[in-house]
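Here are some exercises to work through with the model open beside you. Try each task yourself before you read its solution.

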Amino acid sequence: MYLPPHDPHVDDPMRFKPLFRIHLMERKCATVECMYGHKGPHNGHIQIVKKDEFSTKCNQTDHHRMSGGRQEEFRTWLREEWGRTLEDIFHEHMQELILMKFIYTSQYDNCLTYRRIYLPPSSPDDLIKPGLFKGTYGSHGLEIVMLSFHGKKAKGTKITGDPNIPAGQQTVEIDLAHPLQLPDIENLRDFSELSRIVLEVQEQVRREEQEQEHRQEEEDCSQQAASQPAAKPPGGEGAEGEETAAGAEGTTQDKAPASQPFVLPMGVISRNEDYPRTCRICFYGTGLIAGHGFTSPERTPGVFVLFDDDRFGFIWLELKSFSLYSRIKVSFQNAEAPSREAFDEMLKNIQSLAT
């Protein structure tokens, strides 16, 4: 298991923690040992669920318990997960969120499901190389996000989640067709000035989407009236392809401009004050927010800030909050870990033995 570094140090390396191990014997017998807890390896079980997915189960959960009860378990988890004690966390809301996370995760310490992650493809036209990033999420601590590019859009998808936004949801979306021109450094300190710029672009995007929907409705009506597939107008699909290529080319040209000074506006909260003070380029984007239990989700406007090839940020306008993201550079491979093919074969052997 790879854990993010302690909040809010996004540039620190990931932390490694073994959760289970498999012994395959020469006589076609296999044993699985759970490594969770502080009492050493103990009996476990592995089952293949479907392609690219398997589950582990601990058969001796008493090995996970501590003599001091749940209070000692919580304090130990807090030191390992957050690198601090409860006394160090003064914010009452943050204490509540941390306790909620402990209760949630401790419910599943004896049965876990693993799904393979397929990293996004990379293109020369991408703003930066896609991949996995560690990001600050306020009182939720550090979470893992996968950045991917889709034409004129870039998406940040949560690999790990929290009580508000679960894993698998699209936490941020960046509109690469709408770069933002930030004001000079003095005016940038004024939150109302940045808010005005972002909301103007939001209104422009809304109008463009309405026009696109109107054109699509007219095309649909024309095709129905003709009772046959309408001939593609000159430059139809081709023009769209040219437009996309031009947009991509423009993005490529813009992705390494001279850096400009950057500072967070007054009133914007950041878990990490050690963010870069220069940036390459900014884009309009939206961020997903919701209540506990993913209730009332909505996309709100924000600013995507590209610092360099390995770091970017996002200003959540409505929350007056700033998230800093740093690329995960580990290879996700322990020195003693098997290859993907060897591990898949190992799981098949265990499954055949179980049946």
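Let's start with a residue to look up: glycine 83, just after helix α1, takes a positive phi of about 70 degrees. This is a predicted model, in which local features need pLDDT of at least 70 and side-chain atom pairs count only at pLDDT 80 or more, while totals for chains, interfaces and linings use all residues. Residues are numbered from 1 along each chain as its sequence is written, and side-chain values use heavy atoms, with hydrogens and water left out.

**Exercise 1. Compare the span of α1 with the expected span, then find its buried residues.**

Step 1: Helices (H or I, at least four residues) and strands (E, at least two) are DSSP runs, numbered from the N terminus. Helix α1 covers residues 69–82, which is 14 residues.

Step 2: The expected span is 1.5 Å times one less than the number of residues. From first C-alpha to last, α1 reaches 20 Å, close to the expected 20 Å.

Step 3: Buried means under 20% relative accessible area, exposed over 50%, and partly exposed in between (1.4 Å probe, protein chains only). The buried residues in α1 are Glu73, Phe74, Thr76, Trp77, Leu78 and Trp82.

**Exercise 2. Trace how β5 pairs with β4 and with β6.**

Step 1: Two strands pair if DSSP finds at least two bridges between them. Strand β4 (residues 30–34) and strand β5 (residues 42–50) are antiparallel, with 2 bridges; cysteine 34 has histidine 42 of β5 as its bridge partner.

Step 2: β5 also runs antiparallel to β6 (residues 53–58), joined by 6 bridges. Here histidine 45 is partnered with lysine 57 in β6.

Step 3: Look at the turn. β5 and β6 form a hairpin with 2 residues between them, and aspartate 52 in this turn has a positive phi of about 65 degrees.

**Exercise 3. Which parts of the chain does the salt bridge between aspartate 7 and arginine 271 tie together?**

Step 1: A salt bridge is a side-chain nitrogen of Lys or Arg within 4 Å of a carboxyl oxygen of Asp or Glu. In this pair, the closest N and O atoms are 2.3 Å apart.

Step 2: Aspartate 7 lies in the loop between β1 (2–3) and β2 (15–16), and arginine 271 in the loop between β13 (269–270) and β14 (278–279), so the pair ties together parts that are 264 residues apart in sequence.

Step 3: Check accessibility. Aspartate 7 is buried at 5%, whereas arginine 271 is partly exposed at 28%.
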